[in-house]
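Dear colleague,

I am handing over the structure below, and after it you will find my notes on what turned up when I went through it. Please read them with the model open beside you.

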Amino acid sequence: MPRRARPARNAPVMAMSDTIVAIATASGDAAIAITRLSGPDAVAIAARCFRGARDPARCGTHRILFGRFVVGDAPLDTVLLSVFRAPHSYTGEDVVEISSHGGPAVPRAIFEGLIAAGARAARPGEFTERAYRNGKLDLAQAEAVASIVRARSERSLRAAHATLGGDLTRRIEALDAELISISAEVESRLDFPGDVREAAEVAALGARCEARAAEIREWVERLPAARRREEGVRVALIGAPNVGKSSLLNALVGYDRAIVNESPGTTRDTVEASIWLDGVEIRLSDTAGMRETGDPVERLGVERSERAAAAADLTLVVRDCSAPEAGAELCERWIVKAVGPVIEVWNKSDLGRPGAGVRGGRVGGVAVGTGAGGPAGATAAAAVATPAKVIVETVAIQPGGVDALIAATRAALPSLLGDLPGEELPATSARQERLLRDAASALERAAAQLRAPIGDVAYDLAAVDLTEARRALGEMVGRGVDDAVVAAIFSRFCIGK
Ligand code: GDP
């Protein structure tokens, strides 16, 4: 439950008449599972299935009771009942959380027992939706709950908690306050048409719009890095068949995740596995070898590889020291195409030296070249804009043979994850990113009108654009968002959240 939740000003407050239930913990073997009820009859329904020294129906909020969960009169499991009374709960309604033994059978039987006792199965995200509708969270905070569950690194977790604590809402409110002040000035000029004496003041209003637009654009530009912290860094291994991509993936993850075979074209699908470096998930995908092929199944694999490579944050272009020509042309093409940084991996260096086409000098165990973009080791932001290419040598089949590759991957992380560790952006969803872009565009239009107003109509147009910017920012925290959008947001949550 958020510690600093405060009632959202814009959320509709409404009482939901039915009581919902869901298993809140992930399925599978586990020591403990939690099944959660929320709604006006939560305590009464739990009481029907509970036998213990104390009656849940008679206890106050924040109480834990020990007893047995019963189905009919047959005891099923020993449980702890945590009782939260409205409005002092996550959803703002009466909530009961039943902690039982885990595993697939017990929580399922408890869930079914509670349905038989009068509860209804919750939809995905319905608990958080109720928290929103009861004014416990605003929409930005509710979306942050989803980010917490999805977080793949400590930094993204901190960012999500910042949003849950109200950071994003406060940022939006500060921007909105400035836009209200600019709008008021513009509106006052609408009331006194033809007044051209204060041209400098009007231009200053334009400059204020421009400054806010720039602030929002800067925020948006930093979002891809924030998203990588949240969702992990996508790394694609690409190259011709048989150069050792699967062997490299196996060496990196430390076990045989991908099939290694001596005949070219064995990896026909994309194999994914993760490793963690410096607290960040590195999501590796070993793609089918890139080569021209007539085999329809292999062709599908190659197409999938191309998609994985196009979506990658970091591309590992794998070459074979013992056959430098293999896929050379395809590799060069991918190095040019890659949007992010590239590491050119010369594998099988036990069989020879890196082949022709290697540019740049060696730095320690890692050779550095200038690939498609600027020099390797360029500053963080520059490395993304103009990708640097780093060259490493590996022996996938020997212990320690991929250390240089791990070092190079680690070195690429600051540029991919943003380089401002002290300053977290509040977690921002894709929906909110789109709204930020809308707000920035509207402000840029308003700025253009105000900087060089052509007649009084400029004020009219600027006023419309300012309203549009305020609408977009307001929607980020749920203001003016219609029910269908709210339902769509919560439908992407997991069940029990
Ligand atoms: P992929 O098709 O690119 O995924 O290549 P594989 O990983 O399936 O490897 C193809 C063959 O090369 C296998 O027989 C591997 O054992 C071998 N191989 C992979 N890496 C190395 C290496 O660093 N040195 C040597 N000598 N053989 C390797």
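Strand β1 (residues 20–23) pairs with strand β2 (residues 32–38) in the antiparallel sense, and four bridges hold the record of that pairing; please keep in mind throughout that this is a predicted model. Within this pairing, Ala 22 has Arg 36 of β2 as its bridge partner. β1 also pairs with strand β7 (residues 120–121), here in the parallel sense and over two bridges, and in that pairing Val 21 stands opposite Ala 121 of β7.

The loop between β5 (74–84) and β6 (95–101) contains Ser 89, and Pro 87 is found in that loop as well. Pro 87 is joined to Ala 86 by a cis peptide bond, with omega at about 0 degrees. Ser 89 has a relative accessible area of 0%, and because buried means under 20%, it counts as buried. A polar atom of the Ser 89 side chain lies 2.5 Å from the backbone oxygen of Glu 93.

On the surface, Ile 64, Phe 66 and Leu 80 make a nonpolar patch of about 330 Å². Of these residues, Ile 64 belongs to strand β4 (residues 63–71), and its relative accessible area of 58% makes it exposed, since the cut-off for that class is over 50%.

As for aromatic rings, the count comes to one pair. This pair is formed by Tyr 132 and Phe 490, and it is tilted, with 6.1 Å from centre to centre and 40 degrees between the planes. The pair links distant parts of the chain, given that Tyr 132 sits in helix α3 (residues 126–133) and Phe 490 in helix α16 (residues 483–491), 358 residues apart. Both partners are buried: Tyr 132 has a relative accessible area of 2%, and Phe 490 one of 0%.

Finally, two residues other than glycine have a positive phi, and you may wish to look at the backbone there. For Asn 242, which lies in the loop between β8 (233–239) and α9 (245–253), phi is near 75 degrees, and the residue is partly exposed at a relative accessible area of 32%. For Lys 348, found in the loop between β12 (342–347) and β13 (362–363), phi is near 60 degrees, and this residue is likewise partly exposed, with a relative accessible area of 22%.

With best regards

Terms used. Residues numbered from 1 in each chain as written. Predicted model: local features only at pLDDT ≥ 70, side-chain atom pairs only at ≥ 80, totals over all residues. Heavy atoms only, no water. Pairing = 2+ DSSP bridges. Buried < 20%, exposed > 50% of the residue type's maximum accessible area, 1.4 Å probe, protein only. Polar contact = N/O pair within 3.5 Å; in protein donor to acceptor, adjacent residues only side chain to side chain. Patch = residues over 30% accessible without salt bridge, like charges linked within 9 Å, V, L, I, M, F, W, Y side chains within 5 Å. Areas by Shrake-Rupley, 256 points an atom, 1.4 Å probe, with all protein chains shown as cover. Salt bridge = Lys/Arg side-chain N within 4 Å of Asp/Glu carboxyl O. Phe/Tyr/Trp six-rings, centres within 6.5 Å; stacked < 30°, edge-to-face > 60°.
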